Amino acid sequence: MSETQGIRVICRRRGKGFLHFSGSCSAPTVGAQLCGVWDMKTVATLRYDEAVRFDAERLEALCRDFGEDAAEKVIARALEQIAIKMAALEVLFAEQSYAGMDQICASLTRIAGQIGMTTMARVARDVRACIKKGDVVGVAATMGRLHRIGDNSVHAIWSVEDISV
C-alpha cells in the first residue's frame, strides 16, 4: 500500500459542485479549492521543541540596576503582561483583527526585549511582518510559533536565573 492510498479528497471548483478524488494527494485540478475530507488511517503527530534564546546580559543588568528582589518583581510583572497580551492576541487572531494583533505584537516585542527574551521578541516581530504583508497563512504559522516560543520562554526564564515566584 502506497503512502497516499486511502486518502480521499473532496474539492470544489469555483461554483461547479464537488469533485471526488482518491488514491493520491497530488493537486487534483488547477483552481480547485480544498474544502473537504482527508480520510487517513495514520496521522502523524509533529512535536515542536524550539530552543529559546535569552540575553543573559540583559537579565544581569536588571539585577545589577534594580537589585535581585526588584529585578525578580520586574520580571514577574513583565511575564504577567506577556501572558495577558498572549491571551488577548489569541482572541484577536480568532476575530481576524489584524490591526489589534499588530499593536499587541509591538507591545510583546518591547516587553520581551526588556527582560532579555530575544527569541520571543523576534517571533513577535515576524508576526507583525506577516500582518503588514497581508500574508494570512504566514500570520497563522508565526502565531503558532509565537505560542510555542512564548511557553518555552516563560518556563526557561525562571530556570536561567533560578528565580521563583
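These legends describe close-up views of a predicted model.

**View 1. The largest nonpolar core draws on several helices.** This core holds 31 residues. Ile82, Leu89, Leu108, Met120 and Leu146 touch the most other members. Two or more residues come from each of H1 (56–66), H2 (68–94), H3 (98–114), H4 (118–133) and H5 (136–161). H2 gives the most, with eight residues.

**View 2. Ile82 and its contacts in the core.** Leaving aside residues up to four places away in sequence, Ile82 touches Leu108, Ile111 and Ala112. Ile115, Met117 and Met120 are also among the residues that Ile82 touches. Of these partners, Leu108 and Met120 are, like Ile82, among the core residues that touch the most other members.

**View 3. H1 has a buried side and an exposed face.** Leu59, Ala61 and Leu62 are buried in H1. They lie on the same side of H1 because they cover an arc of only 160° around the axis. Glu57 and Arg64 are exposed, on the face of H1 turned away from its buried side.

**View 4. The two ends of H1.** Asp55 caps the N-terminal end of H1. A side-chain oxygen of Asp55 lies 3.2 Å from the backbone nitrogen of Glu57. After H1 comes Gly67, with a positive phi near 90°.

**View 5. H3 and the glycine that follows.** H3 has 17 residues. From its first C-alpha to its last, H3 reaches 24 Å, close to the 24 Å expected at 1.5 Å a residue. Buried residues in H3 include Gly100, Asp102, Cys105, Leu108, Ile111 and Ala112. Gly116 follows H3, and its phi is positive, near 85°.

Technical notes
Residues are numbered from 1 along each chain as its sequence is written. This is a predicted model: local features need pLDDT of at least 70, side-chain atom pairs count only at pLDDT 80 or more; totals for chains, interfaces and linings use all residues. Side-chain values use heavy atoms; hydrogens and water are left out. A nonpolar core is a set of buried Ala, Val, Leu, Ile, Met, Phe, Trp, Tyr and Cys residues joined through side-chain atoms within 4.5 Å. Buried means under 20% relative accessible area, exposed over 50%, partly exposed in between (1.4 Å probe, protein chains only). Helices (H or I, at least four residues) and strands (E, at least two) are DSSP runs, numbered from the N terminus. Contact means heavy atoms within 4.5 Å. The arc is that of the directions from the helix axis to the C-beta atoms. A polar contact is a pair of N or O atoms within 3.5 Å; within protein, one must be able to donate a hydrogen and the other to accept it, and residues adjacent in sequence count only if both atoms are side-chain atoms. The expected span of a helix is 1.5 Å times one less than its number of residues.
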